[in-house]
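Let's walk through this structure together, starting at its metal site and then turning to the place where its two parts meet. Have the sequence and the 3D view at hand.

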Amino acid sequence: MADNFPFPIPKGWFALMAEDELAPGQVARVEALGKEFVVFRTESGTPSVVDPYCPHLGAHLGVGGTVSGETLVCPFHGWRFDSEGRCTEVPYAKRIPPKAQITHYETRLVNGWIFVWHDPAGSSPNYEIPAVPGFEDAAWCPPVRHEWTIGAQFQELFENICDPAHFLYVHQTSTFPESKVTFAGATARSLNHATMPTRKGEIEGTIDAYTIGPGFGYVLYDIVTDMLQITSSLPLDDHRTMIRHEFRVREGDRVGPALIRQICMQMGQDIPIWENKTYHAAPVLCDGDGPIAGGRKWMAQFYNDQ
Ligand code: FES
Ligand SMILES: [Fe+2]
């Protein structure tokens with residue numbers, strides 16, 4: 001909970017919606033990052049994220065607002081705004097007031113998700129979400145999604161990848177996963193040689209997990225089968241995080257779905273720890289622990305006051 005964690009919502013790219021949840025021409029209101037947004041896609045498909053209230057007389061653009069061509073039309077007096085939030089037309093006026101601009105946020109559509117750049121200090125993005133390797137592979141089955149709303153901040157969840165020891169106790173694996181975590185810019189990579197218990201016994205392979213800032217990650221599984229996982233972590237406010245895992249497996253693959261069940265079960269095992277733990281700024285660590293300090297140093301770049 002917020003009282004047990006000292007840092008604010010981090011800055012970074014966060015996925016507000018999946019691309020298939022908002023067709024071109026649609027408008028949605030989304031509560032996340034401690035506030036409310038209006039997300040719309042123009043008829044050509046360009047996504048845009050703006051503040052909800054019209055600069056004219058304050059109508060909520062997500063309640064009755066519509067898309068016309070490449071603009072969002074306010075339901076109250078029909079002013080039109082482009083995907084950058086600029087007013088392009090006031091149908092009953094001779095000139096557009098120069099301040100007719102909705103607060104607009106940097107938006108990206110990548111890997112099938114609509115991302116917004118969040119920084120309360122108003123900085124421009126200092127990293128980008130890369131295209132996930134293999135994402136465009138036509139041989140993947142349609143993605144399967146699982147989501148959780150967790151009463152903890154992203155950093156507590158992220159520390160899992162710097163903490164191989166918890167697997168033995170929280171996830172009851174028989175061996176300590178062999179993992180190497182490296183940090184470079186906004187990316188943290190955890191390459192694991194792991195065993196995964198299945199109904200057919202334990203299987204071995206690699207799990208290559210990339211965390212790109214506090215809002216996005218992907219995992220390349222190579223354990224008997226191959227599987228792709230994309231993860232969105234979206235802070236709803238300063239004490240709740242929505243995690244969405246999206247899995248892609250191969251047609252006819254039976255190992256992948258077993259792996260997905262295992263991963264979801266492990267989430268269920270982690271959640272009570274995350275939701276009830278406290279954050280120790282100076283934890284007592286031992287020589288068998290993972291790179292907790294390295295993970296915290298990496299995470300610090302996403303907080304403005306550190
Ligand atoms: S309040 Fe939006 S056009 Fe008047
Ligand atoms: Fe875990």
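Donors here are N, O and S atoms within 2.8 Å of the metal (3.2 Å for Na, K and Ca), and because water is not among the atoms, sites may look incomplete. With that in mind, look for the iron ion (ligand 2): its donor residues follow the spacing N-x5-H-x4-H-x98-D in sequence. They are N160 through OD1, H166 and H171 each through NE2, and D270, which appears twice through OD, at 2.1 to 2.3 Å from the ion. H171 sits in the loop between α2 (166-169) and β13 (178-184), while D270 belongs to helix α3 (residues 255-276), so this pair ties together parts 99 residues apart in sequence. Helices (H or I, at least four residues) and strands (E, at least two) are DSSP runs numbered from the N terminus.

A word on the model: it is predicted, with local features needing pLDDT of at least 70 and side-chain atom pairs counting only at pLDDT 80 or more, whereas totals for chains, interfaces and linings use all residues. Residues are numbered from 1 along each chain as its sequence is written, chains are lettered from A and ligands numbered from 1 in the order written, and side-chain values use heavy atoms, leaving out hydrogens and water.

Now step back to the whole chain, which is divided into domain 1 (2-118) and domain 2 (144-300); these bounds come from an automatic or database domain assignment. The domain centres, taken over C-alpha atoms, are 32 Å apart. Where they meet, 24 residues of domain 1 are in contact with 22 of domain 2, contact meaning heavy atoms within 4.5 Å.

Two salt bridges cross this interface, each defined as a side-chain nitrogen of Lys or Arg within 4 Å of a carboxyl oxygen of Asp or Glu. R145 forms a salt bridge with D20, their closest N and O atoms being 3.1 Å apart.
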